[in-house]
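Visitor: I am new to reading protein structures, and I would like a close look at one part. Could you take me slowly through a place where helices pack against each other, and then show me how it sits in the rest of the chain?

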Amino acid sequence: MRYNAVTSSKVIPILCVTPVISGIAGWLVLNDALTWLDWCMVVCIAVGCALMGTNSLNLRTSGFIPACITALSWGLCIVFDKVALQYAAISFHLVFLSVCILALNWFFLRPKLTIAQSGKLSQVLFGAGIFVGAIVFQLNALQEIHPGIVEATKRGLGVVSALGVGYWLLSEHITRKQLFLCFALVVCVCLLAIDV
C-alpha cells in the first residue's frame, strides 16, 4: 500500500460535527434522545473524522465560515427531514428536495450549460443518480432511526469511502494514521448498527 505523509488524502474537518449537531437537534426537536452507547459512538465518529482531516485547522481561510454554515445546515436538515416525513410520503419529499436544491443552485450559482458540450453529461447524470439514491436511502433510514445515528453513519462511512475512492481512482496516498482511523470509524459504525 502507498503511504506518504506529505501528499495524503484530505477531508474537511469542520464537517465532522454534523452527527453531534443532529444528535442534539434530534433530542431538542423530536424529543428523541440517543442512548449513552449511541452518544459515545457518535462522538467517536466525529472525533475520528476530525482527526482524519488536515493536521491543522486554519480558522482564517475564506472557506471556514461557509464550511461551518454547511455543517450546521447538514446537521439540522436531517432532523427536519424526519419531521417532514411525518406529514408527507418519501416520494413527495424526494421530489420537493430535488426541486429545491436545483432551484437554489440555479439561483445562487448560475451554472453555465456547457455540460453537454464538454462531454461530461454522463458524469453529471451519474452524480445525479448517486444523489437521488442517497436521498432515498437516507429518507427510508430516517423513518426508523434517530437522525444523529443516520448522520454519524453517513459521515463515518462517507469519509472512509472518500479516502478509498481517492486512493483507488485518483492515486492519492493514505497515511497510516488515516488507515487506522478508517478501521476505527468502521468499528464505530458497526457498533451503532448493532445498538439500533
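Guide: Happy to! Let us begin where helix 4 passes helix 6, in a crossing that is right-handed. Please keep in mind that we are looking at a predicted model.

Two packed helices are described by the angle between their axes and the distance between the axes. For this pair, helix 4 covers residues 90-109, and its axis comes within 10 Å of the axis of helix 6. The two axes cross at roughly 135°. Because of that angle, helix 4 counts as oblique to helix 6.

Now look at the side chains and backbone that meet there. From helix 4 come Ile90, His93, Leu94, Leu97, Ser98 and Ile101. Helix 6 answers with Phe131, Val132, Ile135, Val136, Leu139 and Asn140. If you sort these residues by class, you find 9 nonpolar, 3 polar and no charged residues in the contact.

Helix 6 has another partner worth visiting, namely helix 3. Helix 3 spans residues 64-84 and helix 6 spans residues 121-142, and the two pack at an angle of about 65° with their axes 9 Å apart. That angle is why helix 3 is called roughly perpendicular to helix 6. The crossing of this pair is right-handed. On the helix 3 side, the touching residues are Ile78, Asp81 and Lys82, while helix 6 brings Gln138, Leu139 and Leu142. By class, this contact holds 3 nonpolar, 1 polar and 2 charged residues. Try finding Leu139 on your screen: Leu139 takes part in the contact with helix 3, and Leu139 is also among the residues of helix 6 that meet helix 4.

Let us step back to the whole chain. What kinds of elements does the protein chain have, and how many of each? There are 8 helices and 0 strands, so if you walk from the N terminus you read α-α-α-α-α-α-α-α. Of the 196 residues in the protein chain, 33% are buried. The chain exposes about 12100 Å², and carbon and sulfur atoms supply 72% of that area. Take the contacts between residues at least 6 apart in sequence: 85% of them join residues at least 24 apart.

Here is one residue to make those totals concrete. Thr18 belongs to helix 1, which runs over residues 18-30. Is Thr18 buried or exposed? Its relative accessibility is 0%, so Thr18 counts as buried. Setting aside neighbours within four places in sequence, Thr18 is in contact with Ala71, Trp74, Gly75, Glu151 and Arg155.

Finally, glance at two loops. Asn31 sits in the loop between helix 1 and helix 2, the latter being residues 36-52. Phi of Asn31 is near 55°, which is a positive value in a residue other than glycine. Asn31 counts as exposed because its relative accessibility is 67%. Further along, Ser171 lies in the loop between helix 7 (147-170) and helix 8 (176-195). Phi of Ser171 is also near 55°, again a positive value in a residue that is not glycine. With a relative accessible area of 44%, Ser171 is partly exposed.

To return to your opening request, the place to revisit is helix 6, which packs with helix 3 and crosses helix 4 as well.

Methods:
Residues are numbered from 1 along each chain as its sequence is written. This is a predicted model: local features need pLDDT of at least 70, side-chain atom pairs count only at pLDDT 80 or more; totals for chains, interfaces and linings use all residues. Side-chain values use heavy atoms; hydrogens and water are left out. Helices (H or I, at least four residues) and strands (E, at least two) are DSSP runs, numbered from the N terminus. Buried means under 20% relative accessible area, exposed over 50%, partly exposed in between (1.4 Å probe, protein chains only). Contact means heavy atoms within 4.5 Å. Accessible areas come from the Shrake-Rupley method with a 1.4 Å probe; for residues, only the protein chains shown count as cover. Axes are lines fitted to C-alpha atoms, for helices over the stretch in contact, and angles run from 0 to 180 degrees between N-to-C directions. Angles under 35 degrees count as roughly parallel, over 145 as roughly antiparallel, 65 to 115 as roughly perpendicular and the rest as oblique. A crossing is left-handed if the near helix is turned anticlockwise from the far one by less than a right angle, and right-handed if clockwise. Ala, Val, Leu, Ile, Met, Phe, Trp, Tyr, Cys and Pro count as nonpolar, Asp, Glu, Lys and Arg as charged, and the others, Gly among them, as polar.
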